[in-house]
Amino acid sequence: MSERTRLRLDVSYDGTEFSGWAPQPTRRTVAGVLMEALDLVLGAGTATGLTVAGRTDAGVHATGQICHLDLPTEVWREHDGRLLRRLARLLPPDARVRAMTEVPADFDARFSATYRRYEYRVTDAPWGAEPLRRRDTLAWPKPLDLTALNAAAAGLVGEHDFAAYCRRKENATTLREVTRLDWRRDPDGILVATVQADAFCQNMVRSLVGAMLVAGDGRRPVEWPAGLLSRRERSSEVTVAPAHGLALVEVGYPTDPAEYARRADLTRRLRVPVAEG
């Protein structure tokens, strides 16, 4: 078997017209268009093992997605320095590979990650979202109180069983540690939630946002979102916020590459495969 090189890819995309990240035979996905472009440049099947940090749902965006793949070393040496520009010409305008970096063979985009950070954009302006931002900003029909939003967020920080906020999968834990959850109002009036955790179960981020928004507009008390953490099943009272306001903005990894393998092993032992969004 020929020697292979592992590459880290930093990827951005507008999720509006994608059916999520994961390949699907009859649907347009980010992984699908990326592999199609790689096959055109390198030859079908040359790039293998495409693995992503967070499998974003349909309609969710990314400015800081990370994935890895393996190439025959001689192919990488041949194309290094030109591959990024060749991909730019072949990829559709709503998906970009911003960087390709050689990494150790034990780097795992998914399991070596120490955190994922998302942002969710909301406007409570009476006229709705600005037309140029309609694809990444939710228009909320009621005024939102920043203090109430942050009070609701504070009760969700820490390690909890987020079963009330997750679509449960067989043999998968819903225990997660949220290390950051807060809201800000930018100068243009847009409210932005920042949500960071070691990992997220399916629909967790948008479910948390949905619960905080109804506390932020006064329809629920600020203690209500945290009160749901005592439940061991998905709560039908929580409305999942629409996908288009959400973006994966950063994935963190150990600063010491020697820690990639240890982190990946720890993650695999802690939980089964991670789903996002």
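## A tour around helix 5

Start at glycine 218, which follows helix 5 and has a positive phi, near 90°. Helices (H or I, at least four residues) and strands (E, at least two) are DSSP runs, numbered from the N terminus. The model is predicted: local features need pLDDT of at least 70, side-chain atom pairs count only at pLDDT 80 or more, and totals for chains, interfaces and linings use all residues. Residue numbers run from 1 along each chain as its sequence is written, and side-chain values use heavy atoms, with hydrogens and water left out.

Next, select residues 204-216, helix 5. Its 13 residues should span 18 Å at 1.5 Å a residue (1.5 Å times one less than the number of residues). The end C-alpha atoms are 18 Å apart, which agrees. Of its 13 residues, 13 are buried (under 20% relative accessible area, 1.4 Å probe, protein chains only). The helix is therefore largely enclosed by the rest of the structure.

Step back to asparagine 203, in the loop between strand 9 (191-197) and helix 5. Asparagine 203 is not a glycine, yet its phi is positive, about 70°. Its relative accessible area is 8%, so asparagine 203 is buried.

Now show the largest nonpolar core (buried Ala, Val, Leu, Ile, Met, Phe, Trp, Tyr and Cys residues joined through side-chain atoms within 4.5 Å), with 78 residues. Leu9, Leu87, Tyr165, Trp183, Met212, Leu213 and Tyr253 touch the most other members. Helix 5 gives this core its largest share, 9 residues.

Finish at tryptophan 183. Its contacts (heavy atoms within 4.5 Å), not counting residues up to four places away in sequence, include Val209, Met212 and Leu213.

Notes
Buried means under 20% relative accessible area, exposed over 50%, partly exposed in between (1.4 Å probe, protein chains only).
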